[in-house]
Amino acid sequence: MGYIRRRNEMKKSLVLILVLIVFAPGSVFSHIITFKIGPFIPRAQYEVPRNNLWWLEFDRMSFDKEDYVNLNLGFCFEYFLTKRISLVLSVDRYKRNKSGHYGGYVGYYGTTLGTDDDFAFPDIYGGEFNPRHSFSVSITPIQVSVKLTPIERAISFGSFGQRPKLIPYIGVGIGVYLWNVSLQGEIIDFDNEWTYSDPDTGVDVPIYPILAADAHEKNRRTVGYHAFGGLMFPVTRRMTFELEFKYNLVKGDLKEGFVGFEKFDLSGYQLSVGINYWF
């Protein structure tokens with residue numbers, strides 16, 4: 001296990017070094033550097049509910065899609081190709097971990113039931129504990145975009161050009177999305193139904209084994225696409241504020257800890273406020 005941890009840490013370090021190698025020259029050759037922050041709203045779309053990881057979590061657990069809205073941090077380097085077209089290199093970071101319990105079920109320990117396994121009962125019973133687990137998602141897109149400003153902006157804005165009152169823009173691009181998904185804690189095995197004969201009522205009650213889970217999709221990489229639009233508001237000769245909406249479209253294959261599930265939807269909406277510095 002120690003070797004596995006060290007190897008994963010080494011992979012993360014190599015990715016960070018690669019990002020620095022790619023983006024460090026941007027601070028020298030870019031015309032604009034942008035720092036931004038705002039909520040990332042997962043789309044969490046599904047087509048086959050039973051085999052969709054998002055759906056299973058939201059349908060059975062005490063959390064929902066709104067609980068996975070979280071702040072997204074990012075920075076960009078922008079290089080002008082013409083007065084209306086520029087090339088943008090950007091990195092964003094989203095992560096959300098939520099812990100919750102199963103709705104409608106309670107747990108009984110195997111020692112109480114005289115079995116080797118713990119079982120989930122309908123919550124009409126008192127229960128001895130609430131089966132619960134945490135579900136974590138992180139996404140780091142490294143993106144290349146072509147950005148278009150419909151009205152002509154002065155490349156020399158930062159030094160001696162006329163300062164426009166408003167700078168609208170739109171853009172599209174492609175990126176490599178680095179992502180991780182993990183589930184840790186207890187899960188109810190709904191595919192393995194047992195029957196409990198209630199001695200008080202004489203009714204047969206369906207119950208399900210409770211299993212320990214530690215499933216991961218680590219250091220995954222998927223190609224995706226995005227489109228965005230926004231407005232820049234000049235405040236000084238070298239600084240503008242930015243309001244932006246971005247839509248990311250990407251789905252990743254679940255191959256390690258969640259075999260048999262359909263593609264995991266990494267798509268989402270970003271609303272951000274940023275500060276641009278013009279060179």
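**Exercises: core and strands**

The largest nonpolar core has 30 residues, and Trp 54, Phe 135, Ile 139 and Phe 264 touch the most other members. A nonpolar core is a set of buried Ala, Val, Leu, Ile, Met, Phe, Trp, Tyr and Cys residues joined through side-chain atoms within 4.5 Å. Buried means under 20% relative accessible area (1.4 Å probe, protein chains only).

The model is predicted: local features need pLDDT of at least 70, side-chain atom pairs count only at pLDDT 80 or more, and totals for chains, interfaces and linings use all residues. Residues are numbered from 1 along each chain as its sequence is written, and side-chain values use heavy atoms, without hydrogens and water.

**Exercise 1.** Find which elements give two or more residues to the largest nonpolar core.

*Solution.* Step 1: list them. They are helix 3 (53-60), strand 6 (132-148), strand 7 (167-188) and strand 9 (204-234). Helices (H or I, at least four residues) and strands (E, at least two) are DSSP runs, numbered from the N terminus.
Step 2: pick the top contributor. Strand 7 gives the most, with five residues.
Step 3: look at Trp 54. Its contacts (heavy atoms within 4.5 Å) include Phe 135, Val 137 and Phe 264, not counting residues up to four places away in sequence.

**Exercise 2.** Trace the pairing of strand 1.

*Solution.* Step 1: pair strand 1 (residues 32-42) with strand 13 (residues 268-278), antiparallel over nine bridges. Pairing requires at least two bridges found by DSSP. Ile 41 stands opposite Tyr 269.
Step 2: pair strand 1 with strand 2 (residues 70-80), also antiparallel over nine bridges. Here Lys 36 partners Gly 74, and Ile 33 partners Phe 77.

Definitions and conventions:
Buried means under 20% relative accessible area, exposed over 50%, partly exposed in between (1.4 Å probe, protein chains only).
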